[in-house]
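Biologist: Got a minute? I'd like to go through a model with you.
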Amino acid sequence: MDEQEKQITQRKTDHIELAFESQVKDAARDPRFYYEPMLTAFPEEIDLGREFLGRTLRYPIWVSSMTGGTEHARTINTNLARMCGEFGLGMGLGSCRVLLEDDTRFEDFNMRPIMGPDVPLFANLGIAQVEELVADKSLARISELVDSLQADGIIIHVNPLQEWLQPEGDAIMVPPIETIQAVLDTLDTRVIVKEVGQGMGPASLSELLRLPIDAIELAAHGGTNFAMLELLRADDHAREVYAPLARIGHSPDEMIHFINEAVKDLGSSLQCRQVIISGGLRGFLDGYYYMNRLTLPSVYGHASQFLKYAQEDYATLSQFARSQTEGLKLAHAYLKVR
């Protein structure tokens, strides 16, 4: 028996042995798609590139902001930036607050030389820090930060629940929408606004869509929940009292519905026209589904999933990214959103 015959025999044996284990009950079936196997050959040259945030992405995938200013940040960010350069993905840095204080950790965030010049890279500050800069009339420091990192703009993360629950959290004294408006009035830089794991309700999303920001990132409930994260760091009393807050928030499904309705209602008042869908997405099927449901141009983002692999060797991270891009090609070839 030659090698090919051995492989065929082994495959048939595997099929028999695994037949019962591979049965999927109908309750586990994913009902979101029509599966159309008759119309397309294996996807080899599907172009999934798109214009987003003023640059061209090879794939509609975003590395959501996650870490900054820790001893492991440079390794993690370097791996992520290398991946973005290899696959043509966009990236948001973790909080760059530490760079407002001094440049000791600058190389932890200096990812443009690793990513290359072609893909989007955004710096990141919390709304409390931006509020302080507005009060001090020091918003120019944001432009300096963006320029020093050769970034395309700034992500402002809005996190009142996290700040409230964080033992060393900062008070937010001004409605965030006013602080964001002050940035837009003062600076000539691209702005993304995101939450940090609770998502946002319809009124907040509607107000953001009226502003000339470049994108909204959902950071919906279902992924890394920073309210829960801070509760895990808190004392027993705080955990008991505030635990219900960690269950407050909005799913990607809800937020996409809110945005689609707002787009219809706002008409010519709509100014923000790009969305990063993130928060509990399990992989390319979720990304493909949500991008097709949203009426605005979008990409989908991961934080914790990329973080999981970015802490290991680069080959492991690259393999995960490749599985996402190949999975997206497969979805585009054979799946239609219902």
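Modeller: Sure, let's take a helix pair, then the cysteines, then one glutamine. This is a predicted model, where local features need pLDDT of at least 70, side-chain atom pairs count only at pLDDT 80 or more, and totals for chains, interfaces and linings use all residues. Residues are numbered from 1 along each chain as its sequence is written, and side-chain values use heavy atoms, leaving out hydrogens and water.

Biologist: At what angle do α10 and α13 cross?
Modeller: Roughly 50 degrees, and their axes come within 9 Å. α10 covers residues 202-209 and α13 covers residues 252-266. That makes α10 oblique to α13 (under 35 degrees is roughly parallel, over 145 roughly antiparallel, 65 to 115 roughly perpendicular, and the rest oblique).

Biologist: Which residues meet there?
Modeller: From α10, Pro202, Leu205, Ser206 and Leu209. They meet Met255, Phe258, Ile259, Ala262 and Leu266 in α13. Contact means heavy atoms within 4.5 Å.

Biologist: How many of those are nonpolar, polar or charged?
Modeller: Eight are nonpolar, one is polar and none is charged. Ala, Val, Leu, Ile, Met, Phe, Trp, Tyr, Cys and Pro count as nonpolar, Asp, Glu, Lys and Arg as charged, and the others, Gly among them, as polar.

Biologist: New topic. How many disulfides in the whole structure?
Modeller: Zero. A disulfide is a pair of cysteine sulfur atoms within 2.5 Å.

Biologist: Is Cys96 buried or exposed?
Modeller: Buried, because its relative accessible area is 0%. Buried means under 20%, exposed over 50%, and partly exposed in between, using a 1.4 Å probe and protein chains only. Cys272 is buried too, at 0%.

Biologist: And where is Gln162?
Modeller: In helix α8, residues 160-165. Gln162 is buried, with a relative accessible area of 10%.

Biologist: What does Gln162 touch?
Modeller: Val196, Phe226 and Glu230, not counting residues up to four places away in sequence.

Conventions. Axes fitted to C-alpha atoms, helices over the stretch in contact; angles between N-to-C directions. Helix = DSSP H or I, 4+ residues; strand = E, 2+ residues; numbered from the N terminus.
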